[in-house]
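Visitor: I have a structure to go through with you. Shall we start with the ligand and its surroundings?

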Amino acid sequence: MTEEREWDIIVIGGGLAGLTSGAYLAMAGKQVLLLEQRDLPGGCCGAYSSGGRNVPAAAHMVNDPGMINGILSELGAAEITFTPLDPVFDVAGPCPGKNLIITSNREIFEGSARGMVTDSARENVSQGLGRLIELSGQINRETKALPLESPELMSFFKRLFLGLSMQRQLPMSMEYGRMPVQQFLSSVFPGVEMQCLRAALRSVVPVRGARALDLLQLLGNVAGGNVFYPDGGVESLVETLNGCFQSHGGVVRTGVKVTSVNVAGGQVTGVTLADEGTINGDMVLSTIDMKELFFTLLPDRVAPRLFQEKLAKIPLSDSFITVTMTTTLPPGKVSEGGKGVRVINPAVKEDELFTSDEPDRVSLFIHFPEPGLDRVRDGLSVVQIMAPVRFIYEDNWHSGPECKKTEEYNEFKKQYAALLIKRADAVVPGLSSHIADIAVATPVSYRSCTGNDEGAVYGWRRPRMWRQKVHYTNGLYLAGHWTYPGPGILKTMMSGKNASRIILSGE
Ligand SMILES: Cc1cc2nc3c(=O)[nH]c(=O)nc-3n(C[C@H](O)[C@H](O)[C@H](O)COP(=O)(O)OP(=O)(O)OC[C@H]3O[C@@H](n4cnc5c(N)ncnc54)[C@H](O)[C@@H]3O)c2cc1C
């Protein structure tokens with residue numbers, strides 16, 4: 001059935017990018033319809049229902065809260081509050097009994113780093129750490145100078161200047177963006193005496209193929225006291241944006257999956273839904289997985305063949321398993337007074353980290369996101385274990401090529417989660433015997449929650465500089481972590497804002 005009403009813009013996807021762009025467009029007086037396949041908006045930052053409750057999909061650490069609130073205030077929404085996280089990480093392993101505390105407090109950071117190496121190497125630690133901190137500061141200054149606006153919003157001269165000056169203005173980002181993090185760490189902390197320290201530092205960038213730049217950016221944010229949890233969890237941001245979008249007249253429909261974007265004569269005409277209903281609109285803004293959009297939702301041959309071939313080959317970001325527990329351990333006590341995210345590494349060298357999907361070989365990230373997530377059940381504390389693990393593990397977690405969530409799948413994820421919790425007992429004593437309830441999200445769950453290929457949590461493995469207006473199909477626009485400026489809270493919100501500016505400027 002075709003609905004009679006014609007919308008100015010149809011937004012596909014109710015994650016941060018869709019909600020932000022929708023809010024800007026609705027505020028500008030456009031008739032905006034946002035379509036979300038899940039029952040709740042939020043995507044990677046939302047909640048999913050498990051056992052009749054809404055469970056947060058993942059604890060999020062954020063940088064630059066002022067810029068996030070800047071967007072909310074432009075939209076006329078209430079600002080949200082953030083709790084600083086410092087120390088940011090307390091890393092246990094790979095050497096037993098030696099922890100690395102990653103904090104803005106240089107004395108504590110350095111003291112813990114010195115404790116991770118043999119006596120003869122202690123002097124070199126101070127020198128290496130000094131270099132690391134200095135480089136991370138320089139990288140951060142460079143990165144902050146990078147524009148967050150889409151290339152389409154820059155003037156011709158700005159684009160030209162940026163292209164020509166990239167090498168000169170961002171020499172370190174270019175150099176360390178190419179260098180594998182292991183190679184970098186071996187040059188700063190050489191020798192077998194420092195291998196524990198190298199592995200502990202490597203482990204806080206939990207992605208395969210991480211570059212030196214990833215670690216340096218993170219350490220720059222730690223040193224600058226720029227790591228926070230959003231109060232109320234990242235879902236508070238989703239709620240704020242959703243409320244703001246609707247208050248400006250935007251309409252959200254949840255539980256509706258778009259199955260095609262309709263195009264006639266090179267012009268978008270609307271979308272078709274899974275129930276076969278059709279909605280008309282001559283502008284569509286897609287925030288979903290670009291491969292899904294170009295290979296499934298758009299008619300064949302809309303995108304040039306070369307572009308499709310390129311798209312098919314781009315590596316995806318990794319996925320995670322997340323175990324969210326409400327525990328009867330008192331809040332505050334459970335996190336031992338805020339030691340940051342506890343990391344547990346298996347006993348391996350730095351180049352062996354993130355190579356295995358087995359529950360006894362993955363690194364664990366244990367979050368205590370209070371006051372973030374304790375709304376799940378008042379008075380109790382929430383502990384969340386996250387571990388990077390691939391979608392393809394054990395025949396897609398025993399869900400097969402069709403990703404069917406059968407008994408076998410459920411049993412397997414339960415057993416896997418139980419092994420992670422047992423390991424987490426080492427840093428949260430009594431955890432396994434104080435669990436009031438538990439929800440487990442595997443990469444297969446992230447795939448179904450977000451529609452992202454292989455449950456990729458950050459879009460592409462490395463950010464891409466796509467244009468947000470699709471030039472060969474009039475009326476089609478892109479936003480979200482598949483587009484520039486890339487993944488994460490602030491950047492996906494920026495991509496939503498940029499897309500709305502491009503649409504409103506009539507480019
Ligand atoms: C486990 C995990 C941990 C993370 N940790 C951090 C962190 O600490 N800090 C940080 O900054 N970032 C983190 N991120 C990344 C961050 O959450 C994402 O980059 C960001 O939220 C992406 O937002 P988005 O709007 O681009 O996409 P998404 O959130 O993926 O939203 C896309 C939406 O489109 C919907 N959709 C898909 N297909 C269809 C369809 N056909 N029809 C209708 N709707 C559809 C999906 O259901 C989804 O709601 C994490 C992500 C995950 C999953």
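Visitor: Which residues come nearest to the ligand?

Guide: In this predicted model, 37 residues surround the ligand, and those that come nearest are Gly 13, Gly 15, Gly 43, Gly 451 and Gly 480.

Visitor: And which elements give two or more residues to that shell?

Guide: These are the helices α1 (16-27), α15 (443-450) and α16 (489-504), together with the strands β3 (32-36) and β15 (320-327). The largest share, three residues, comes from α1.

Visitor: How do the shell residues divide into nonpolar, polar and charged?

Guide: The shell around the ligand has 18 nonpolar residues, 16 polar ones and three charged ones.

Visitor: Between which domains does the ligand lie?

Guide: It lies between domain 1 (2-82 + 232-314 + 460-504) and domain 3 (318-454), because both of them give residues to the shell.

Visitor: Let us change topic to Pro 315. Where is it found?

Guide: Pro 315 is in the loop that runs between α12 (305-313) and β15.

Visitor: Is Pro 315 buried or exposed?

Guide: Pro 315 is exposed, because 11 other C-beta atoms lie within 10 Å, and a residue counts as exposed at 12 or fewer.

Visitor: What does Pro 315 touch, not counting residues up to four places away in sequence?

Guide: With those left out, Pro 315 touches Trp 460 and Arg 461.

Visitor: How many residues apart in sequence are Pro 315 and Pro 359, and how far apart in space?

Guide: The two prolines are separated by 44 residues in sequence and by 24 Å in space, C-alpha to C-alpha.

Visitor: Now the protein as a whole. How many helices and strands are there?

Guide: The protein contains 16 helices and 20 strands. Its radius of gyration is 23 Å, close to the 23 Å that the globule rule gives for 507 residues, so the protein is as compact as a globular protein of that length. Along the principal axes, its C-alpha atoms fill a box of roughly 75 × 55 × 45 Å.

Visitor: What percentage of the residues is buried?

Guide: Buried residues account for 50% of the 507.

Visitor: Which members of the largest nonpolar core touch the most other members?

Guide: That core has 148 residues, and the ones in question are Ile 10, Leu 197, Leu 364, Ala 387 and Tyr 477. In soluble globular proteins, nonpolar side chains tend to be buried together.

Visitor: Take Ala 387, then. What does it touch, leaving out residues up to four places away in sequence?

Guide: Ala 387 touches Phe 320, Ile 321, Val 362, Ser 363, Leu 364, Phe 365 and Leu 420.

Notes: Residues numbered from 1 in each chain as written. Predicted model: local features only at pLDDT ≥ 70, side-chain atom pairs only at ≥ 80, totals over all residues. Near = placed C-beta within 6 Å. Helix = DSSP H or I, 4+ residues; strand = E, 2+ residues; numbered from the N terminus. Nonpolar A, V, L, I, M, F, W, Y, C, P; charged D, E, K, R; others polar. Domains from an automatic or database assignment. Buried ≥ 20, exposed ≤ 12 C-beta atoms within 10 Å, placed from the backbone. Contact = placed C-beta atoms within 7 Å. Rg over C-alpha atoms; globule rule 2.2 N^0.38 Å. Core = buried A, V, L, I, M, F, W, Y, C linked by C-beta atoms within 7 Å.
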